[in-house]
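Let us take a friendly walk through one protein chain. Please have a look at the sequence and the model before reading on.

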Amino acid sequence: MIYKVYYQDSQTEIPLRENTVALFIEAESERDVRQKLKDRPISIEYIQPLEGAYLEYERKREDFKVEK
């Protein structure tokens, strides 16, 4: 399954909506996503599973790139 992960680049600063970034990652579950990203110095805000029409919409974006 593909997940969209919303995150901040800094773990030490207060999260600001304007600084939120997203990445797409392939994983088995939300727990697997967190495990794959645990070594990165980011602050995860939200993990959203992508399915159906929403996944197709995201695939059409030019910056859509799935990490494994």
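What follows goes from the whole chain to its strands, its aromatic rings and two polar residues.

**The chain as a whole**

Please keep in mind that this is a predicted model. The protein chain holds two helices and four strands, and along the sequence these follow the pattern β-β-α-β-α-β. Its radius of gyration is 12 Å, close to the 11 Å that the globule rule gives for 68 residues, so the chain is as compact as a globular protein of that length. The C-alpha trace spans about 35 × 25 × 15 Å along its principal axes.

How much of the chain counts as buried? Of the 68 residues, 26% do. About 5200 Å² of the protein chain is exposed, and carbon and sulfur atoms supply 46% of that area. Among the contacts with a separation of 6 or more, 64% are between residues 24 or more positions apart.

**Strand E1 and its partners**

Strand E1 (residues 2-8) is a good place to start, being mostly covered: six of its seven residues are buried. E1 pairs with two strands treated here. With E2 (residues 21-26) it runs antiparallel, joined by six bridges, and Tyr3 stands opposite Ile25 in E2. With E3 the pairing is again in the antiparallel sense, over seven bridges; here Lys4 stands opposite Gln48. As a general reminder, side chains in a regular strand alternate between the two faces of the sheet.

Gln48, placed in strand E3 (residues 43-50), deserves a second look. Which side chain does the side chain of Gln48 meet in a polar contact? The partner is Tyr6, at 3.3 Å. Not counting residues up to four places away in sequence, Gln48 touches Ile2, Tyr3, Lys4, Tyr6 and Tyr54.

**Aromatic rings**

A search of the whole structure turns up three aromatic pairs. Two of them are set out below.

| Pair | Ring centres | Angle between planes | Kind |
|---|---|---|---|
| Phe24 and Phe64 | 4.8 Å | 55 degrees | tilted |
| Tyr54 and Tyr57 | 6.4 Å | 10 degrees | stacked |

The phenylalanine pair links distant parts of the chain: Phe24 sits in strand E2, while Phe64 lies in the loop between helix H2 (52-59) and strand E4 (66-67), 40 residues apart. Is Phe24 buried or exposed? Phe24 counts as buried because its relative accessibility is 4%, and the cut-off for that class is under 20%.

The tyrosine pair has another setting. Tyr54 and Tyr57 are separated by about one helical turn, because they are three residues apart in helix H2. Tyr54 is partly exposed, with a relative accessible area of 30%, whereas Tyr57 is exposed, at 53%. Tyr54 also appears among the residues that Gln48 touches.

**Lys36 in helix H1**

Our last stop is Lys36, which lies in helix H1 (residues 30-37). Its relative accessible area is 37%, so Lys36 is partly exposed. Which residues does Lys36 contact once its neighbours within four places in sequence are left aside? They are Ile25, Glu26, Ala27 and Lys68. One of these, Glu26, is ten residues from Lys36 in sequence and 9.7 Å away in space, C-alpha to C-alpha. Another, Ile25, is the residue in E2 that stands opposite Tyr3.

Terms used: Residues are numbered from 1 along each chain as its sequence is written. This is a predicted model: local features need pLDDT of at least 70, side-chain atom pairs count only at pLDDT 80 or more; totals for chains, interfaces and linings use all residues. Side-chain values use heavy atoms; hydrogens and water are left out. Buried means under 20% relative accessible area, exposed over 50%, partly exposed in between (1.4 Å probe, protein chains only). Contact means heavy atoms within 4.5 Å. A polar contact is a pair of N or O atoms within 3.5 Å; within protein, one must be able to donate a hydrogen and the other to accept it, and residues adjacent in sequence count only if both atoms are side-chain atoms. Two strands pair if DSSP finds at least two bridges between them. Rings of Phe, Tyr and Trp (its six-membered ring) pair if their centres lie within 6.5 Å; planes under 30 degrees apart count as stacked, over 60 as edge-to-face and the rest as tilted. The radius of gyration is taken over C-alpha atoms; the globule rule is 2.2 Å times the number of residues to the power 0.38. Accessible areas come from the Shrake-Rupley method with a 1.4 Å probe; for residues, only the protein chains shown count as cover.
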